[in-house]
Amino acid sequence: MDKVGEAVGLAWSPHGSQLVHLSASVAPGKGKIHIQGEIGYEALASIETAIESLKFLYGISTEDLTLSIKIDEPLEGPSAGLALLVAIYSAINNLPVDQSAAITGVVTNKGRVHSVMKITEKVALARDKGLKGIVIPSENLYGQRPSLDFGEMWVCPVARAQDAVSIVVANTGR
């Protein structure tokens, strides 16, 4: 089932690969961000970068909104940045996200998507959890293709954040 403001991210922790359910909601406000869940410095920076990227790509400003983000698992690094961007975009535009797809990627403030570490483990986790698809950075396919076992999942390699949005957010191109 598709859900507004929610995305399934893939991250790496000291315990291994993990699915991270991310949810974002917005309300009228003054540009504040409220975070519920355990988050490290790099992941916090990913939220700020996702917001900058949304402004650059779509002209979306959060200056008159309060953004609330809930993270169900501890999040340390930047590899869930693309999933965070998708969840925030979805919440602001009230458009649902495909919950059968996992998303991973490091995002820049200009919307570029860069590779993540431990891609083989992340792909295996998404496959083993029965997800139907995965959105990964196209950079992660260089030299990796034979070692990545996607099983029956569809895979969409992306280099730009707006490509991920068009793949997993309803009414934006999929």
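The accessible surface of the chain in this predicted model amounts to about 8,300 Å², and carbon and sulfur atoms account for 50% of that area. Of the 174 residues, 47% are buried. Charged side chains number 15 positive and 18 negative. The centres of these two sets are separated by 3 Å.

The chain contains four helices and eleven strands. Its radius of gyration is 15 Å, close to the 16 Å given by the globule rule for 174 residues, and the chain is therefore as compact as a globular protein of that length. Taken along the principal axes, the box filled by the C-alpha atoms has dimensions of roughly 50 × 35 × 30 Å. Contacts were also examined by sequence separation. Among those between residues at least 6 apart in sequence, 72% join residues at least 24 apart.

One aromatic pair was counted in the chain. The pair consists of Tyr58 and Tyr89, whose ring centres lie 4.9 Å apart. The planes of the two rings meet at 50°; because this angle is neither under 30 degrees, as required for stacked rings, nor over 60, as required for edge-to-face rings, the pair is classed as tilted. Tyr58 belongs to helix H1 (residues 41-58) and Tyr89 to helix H2. With their positions 31 residues apart in sequence, the pair links distant parts of the chain. The two tyrosines were also assigned to accessibility classes. Tyr58 has a relative accessible area of 32% and is partly exposed, as this value falls between the limits of 20% and 50%. Tyr89, with a relative accessible area of 9%, is buried, since the value is under 20%.

Helix H2 (81-93) also bounds the loop in which Pro74 is found, the other boundary being strand E5 (65-71). The relative accessibility of Pro74 is 33%, so this residue counts as partly exposed. When neighbours within four places in sequence are left aside, Pro74 is in contact with Gln18 and Glu38. A further relation in space concerns Trp12. The C-alpha atoms of Pro74 and Trp12 are 9.8 Å apart, although the two residues are separated by 62 residues in sequence.

How values were computed. Residues numbered from 1 in each chain as written. Predicted model: local features only at pLDDT ≥ 70, side-chain atom pairs only at ≥ 80, totals over all residues. Heavy atoms only, no water. Helix = DSSP H or I, 4+ residues; strand = E, 2+ residues; numbered from the N terminus. Rg over C-alpha atoms; globule rule 2.2 N^0.38 Å. Buried < 20%, exposed > 50% of the residue type's maximum accessible area, 1.4 Å probe, protein only. Contact = heavy atoms within 4.5 Å. Areas by Shrake-Rupley, 256 points an atom, 1.4 Å probe, with all protein chains shown as cover. Lys, Arg positive; Asp, Glu negative; His and termini not counted. Charge placed at Lys NZ, Arg CZ, Asp CG, Glu CD. Phe/Tyr/Trp six-rings, centres within 6.5 Å; stacked < 30°, edge-to-face > 60°.
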